[in-house]
Amino acid sequence: MAGGEMWTQLGLSLAGLMFVWATFKQYCPFEVEGTLKKYTQKLVSLFYPYIEVTFHEFTTEGINKKSKAFGAIQRYLTTNSTTQAKRLKADMVRDSKSLVLSMDDYGEIADKFKGIKVWWASFYGDEEKRFYKLKFHRRDREIVFGSYLNHVMDEGKAIEVKSRKRKLYTSNGLVLFWNLRRNQRTMWSSVVFEHPATFDTLAMEEKKKKEIMNDLITFTKSKDYYKKIGKPWKRGYLLFGPPGIGKSTMIAAMANLLNYDVYDLELTEVKDNTELRKLLMDTSNKSIIVIEDIDCSLDLTGQRKKEEEKDVEGDGKDPVNKKKKEDQEKSNESSKVTLSGLLNLIDGLWSTCGGERIIVFTTNYVEKLDPALIRRGRMDKHIELSYCCLEAFKVLARNYLDLESHDLFETIGKLLDETKISPADVAENLMPKLDDEDGANACLANLIKAIEKAKEEAKVKAEEEEEEEKRAKAKEEKKAKAEKETKETS
């Protein structure tokens, strides 16, 4: 009974204090209340030695702009929550094949760093906006603000790079899409980039592969060097060679090696130079910006433009030239991107918008490109991808047939030295067929037949071209002779 009376008295006392405090607040002057509050907080701090820091999900810079610090903390805590947190939530993240566990709302976990202990908690604030609260002892203030928070940010960013899915982006012109993951508008739409190509499976000479890989890796580690020499942190690659030699596959291997996103920029779909700049500004760092078949992407080839226009005007009655002229006019109407606008994109002031970007041009006819477009400093590294050789064939044989060696390799090597055939054509003949009982032997035999056929076709074509050249030469000589006789007669 005594215990019950004690709790009753305590409850009445608390109620009385609350009444007195409410009355005091109602009639107490504002200045006195502020002073009293200040000293009350100091008094509480003597008995409560902890400091609390709040990290909100959204910043005050813009509407619904997600805080980078919040995202880094979220990724950092997710890696530790499964072993420490008592309240967990499971989500099936997009493009992931398994459940991802993370700390639930109003959950709490402890973390240790350099001998100190801190506590993280997750909350919901006003308007259902989330925030994290970090609590630590005030004696650890210097370590927390000096190195611990930097450690959390760095680890969070590293986890994002390691776990993120590579994306393949395509430009939408001025059509804006809402990116739910980033919670922002973007001029690019994307899909998960799942191309399996790597430098190990790339059909080319081993020495050349290592040279390209070393160049790419050196670039990713050269941020301070580029800053030192006063250049934007970007690098241009020109991939050129005949069709079917693996230019697109090379780009995929580069993206997989560096874990970069790929932006496929179709210039014919870009309205003008202004839109081109906006597209550039909307790309992310750690990305490869690709313009394939640059010689076909609008008329950006300088002197060749004048020659083509002259040819078209010279024979307007020819149906082929007439259609060509119509295509040129249609292209000019749909896009007003200029050569100078493109040069500004890759080497002008606008190229400094962001860093750690690789710009790749591909072409089948490098000789047709304007020299200003591909000079060193814009396209820093020129990579010629040629026809299939023995070393490239061995890579394909390993990929398609699991063969490291075979009696027919020497024969195939000799034929490849004498014949121009693309890696794509070689690969097609190495694809196993359902009706092949002899497996690898049958594929290699089919390849030998295909190379021999290509060799014969090339020989016939060369003879036809030679005959055509002889006829043209004879025609010119006959014409010159006739003109001479006419002149002498007159």
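What follows is a chat between a colleague and a modeller about a predicted model.

Colleague: Let's start with the helices. What makes helix 13 and helix 15 a packed pair, and at what angle do they cross?

Modeller: Two packed helices are described by the angle between their axes and the distance between those axes. Here, the axes of helix 13 (residues 390–401) and helix 15 (residues 423–430) come within 10 Å and cross at roughly 35°.

Colleague: Is that crossing left-handed or right-handed, and how do you know?

Modeller: Right-handed. The label goes to a near helix turned clockwise from the far one by less than a right angle, and the crossing of helix 13 and helix 15 gets that label.

Colleague: Which residues meet there?

Modeller: On the helix 13 side you have Phe-393, Leu-396, Ala-397, Tyr-400 and Leu-401, and they meet Pro-423, Val-426, Ala-427 and Leu-430 in helix 15. To count as a contact, heavy atoms have to lie within 4.5 Å.

Colleague: How do the residues of that contact divide into nonpolar, polar and charged?

Modeller: 9 nonpolar, no polar and no charged. Tyr counts as nonpolar in this scheme, so Tyr-400 in helix 13 goes in with the nonpolar residues.

Colleague: On to the sheets. Why is one side of strand 1 and of strand 4 left without a neighbour?

Modeller: That open sheet has 4 strands in the order 1-6-5-4, with antiparallel pairing. Strand 1 (50–56) and strand 4 (108–113) stand at the edges with a single partner strand each, so one side of each has no neighbour in the sheet. On average, neighbouring strands of this sheet are turned by 25° against each other, direction ignored.

Colleague: How do you know that strand 4 and strand 5 pair?

Modeller: Pairing needs at least two bridges, and strand 4 and strand 5 (residues 116–124) have 6, in the antiparallel sense, so they qualify as a pair. Ile-109 stands opposite Trp-120 in strand 5.

Colleague: What about the sheet of 7 strands: what is its order, and which strands stand at the edges?

Modeller: The order is 10-7-12-13-14-11-15, an open sheet with mixed pairing. Strand 10 (188–192) and strand 15 (381–384) are at the edges, each with a single partner strand, so each has one side without a neighbour in the sheet. The average turn between neighbouring strands of this sheet is 20°, direction ignored.

Colleague: What makes strand 11 and strand 14 a pair?

Modeller: Against a minimum of two bridges, strand 11 (residues 234–240) and strand 14 (residues 357–363) are joined by 7 and run parallel, so they pass. Tyr-237 stands opposite Val-360 in strand 14.

Colleague: Now the empty space. How many cavities are there, and what lines the second largest cavity?

Modeller: The search of the whole structure finds 2 cavities of 30 Å³ or more. The second largest cavity holds about 40 Å³, so it clears that cut-off. Its lining is Trp-188, Leu-265, Leu-276, Leu-279, Leu-280, Ile-289 and Leu-345, which divide into 7 nonpolar, no polar and no charged. Helix 8 (residues 273–281) gives the largest share, 3 residues.

Colleague: And what lines the second largest pocket?

Modeller: About 420 Å³ of space lies in that pocket, and 27 residues line it, with Leu-202, Ala-203, Gly-246, Thr-249 and Pro-423 nearest its centre. The lining divides into 17 nonpolar, 7 polar and 3 charged. Helix 7 (247–258), helix 13 and helix 15 each supply at least two residues, and helix 13 has the largest share with 4.

How values were computed:
Residues are numbered from 1 along each chain as its sequence is written. This is a predicted model: local features need pLDDT of at least 70, side-chain atom pairs count only at pLDDT 80 or more; totals for chains, interfaces and linings use all residues. Side-chain values use heavy atoms; hydrogens and water are left out. Axes are lines fitted to C-alpha atoms, for helices over the stretch in contact, and angles run from 0 to 180 degrees between N-to-C directions. On a 1 Å grid over the protein atoms alone, a cavity is a set of points where a 1.4 Å probe fits but cannot get out, and a pocket is an open set with protein on both sides within 12 Å along at least five of seven lines; lining residues have an atom within 4 Å of a point.
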